[in-house]
Amino acid sequence: GLGTRFDCAKKVGSCELIALDELDVDYHATTPLSFDKSVPPPPPASIVVKPHTDLPYYARVTVTGQHWNPNDQFMLMAECATSDPNACAFLDTFATPDSGGAFQVAPLLQRDLPNELDPEGPPVDCAKAKSKCYLLAEDSAGDAVEAPLTFDPSAPIPPPPSLSTREAAPYHDGELLHIKGVGFPPQALFQVSQCVVTSVLEGCISYIGGTAEATTTKGTLSA
């Protein structure tokens with residue numbers, strides 16, 4: 001199950017260390033491991049999310065973790081919905097536990113969760129009780145913890161974001177443009193890039209060399 005641990009100290013020979021060639025698993029070696037049963041295992045990993053109820057459409061929350069894999073550089077955090085296993089958005093906030101397994105981060109959550117397999121389809125509304133949304137934290141040692149989230153259904157829904165340039169088209173090659181955006185998530189980073197859109201290709205091909213810009217507390221963007 002989620003975050004289940006196996007105690008290698010309970011039975012001698014139940015755990016081993018293995019080294020193998022990923023390209024040819026026939027080339028491998030193992031050695032048995034034994035652990036001191038007199039030393040108690042650490043407490044289970046935990047997270048506390050504040051606030052976690054009646055959240056607005058965009059919510060900056062504080063996540064405090066305890067008893068995680070110390071100095072783990074590969075922790076993942078995501079906002080997910082129980083009602084749809086494909087509605088899970090990975091957060092751009094990375095938590096790295098200290099030497100004692102503790103961390104504190106402030107990720108940005110949002111009420112609507114897109115379906116990873118159908119991003120153009122209707123999102124999951126986390127303000128609906130049936131969605132049962134939660135924050136997931138998981139480290140590279142296999143520890144995983146969920147914390148429930150609820151959103152205020154009466155909170156205002158912001159308009160879709162929009163972006164414009166201060167300079168009028170047509171533009172000249174190499175011209176420096178100033179942009180203005182409104183309706184973005186507050187205090188969030190966005191990649192601003194030149195793109196190419198054709199009738200043959202769907203979507204947009206990002207041009208390498210874009211800049212990372214941060215929005216204000218009111219969700220405006222300027223560069």
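Here are a few friendly notes on this predicted model, from the whole chain down to one pair of residues.

1. **What the chain is built from.** A good place to begin is the secondary structure: the protein chain has 20 strands and 0 helices. With a radius of gyration of 23 Å, well over the 17 Å that the globule rule gives for 223 residues, the chain is more spread out than a compact globule.

2. **Overall dimensions.** Taken along the principal axes, the C-alpha atoms of the protein chain fill a box of roughly 75 × 45 × 35 Å.

3. **Inside and outside.** Buried residues make up 30% of the 223 in the protein chain. The accessible surface of the chain comes to about 15,000 Å², and carbon and sulfur atoms account for 58% of that area.

4. **Contacts along the sequence.** Take the contacts in the protein chain between residues at least 6 apart in sequence: 56% of them join residues at least 24 apart.

5. **One sheet to look at.** You may like to find the open sheet of 4 strands, whose order is S7-S6-S12-S13 and whose pairing is antiparallel. Strand S7 (84-90) and strand S13 (144-148) are its edge strands, each pairing on one side only. On average, neighbouring strands of this sheet are turned by 30° against each other, direction ignored.

6. **A closer view of one pairing.** Which strand is joined to strand S6 (residues 76-81) by 6 bridges? The partner is strand S12 (residues 133-138), and the two run antiparallel. To see one of these pairings residue by residue, start from Met77, whose bridge partner in S12 is Ala137.

Definitions and conventions:
Residues numbered from 1 in each chain as written. Predicted model: local features only at pLDDT ≥ 70, side-chain atom pairs only at ≥ 80, totals over all residues. Heavy atoms only, no water. Pairing = 2+ DSSP bridges. Axes fitted to C-alpha atoms, helices over the stretch in contact; angles between N-to-C directions. Rg over C-alpha atoms; globule rule 2.2 N^0.38 Å. Buried < 20%, exposed > 50% of the residue type's maximum accessible area, 1.4 Å probe, protein only. Contact = heavy atoms within 4.5 Å. Areas by Shrake-Rupley, 256 points an atom, 1.4 Å probe, with all protein chains shown as cover.
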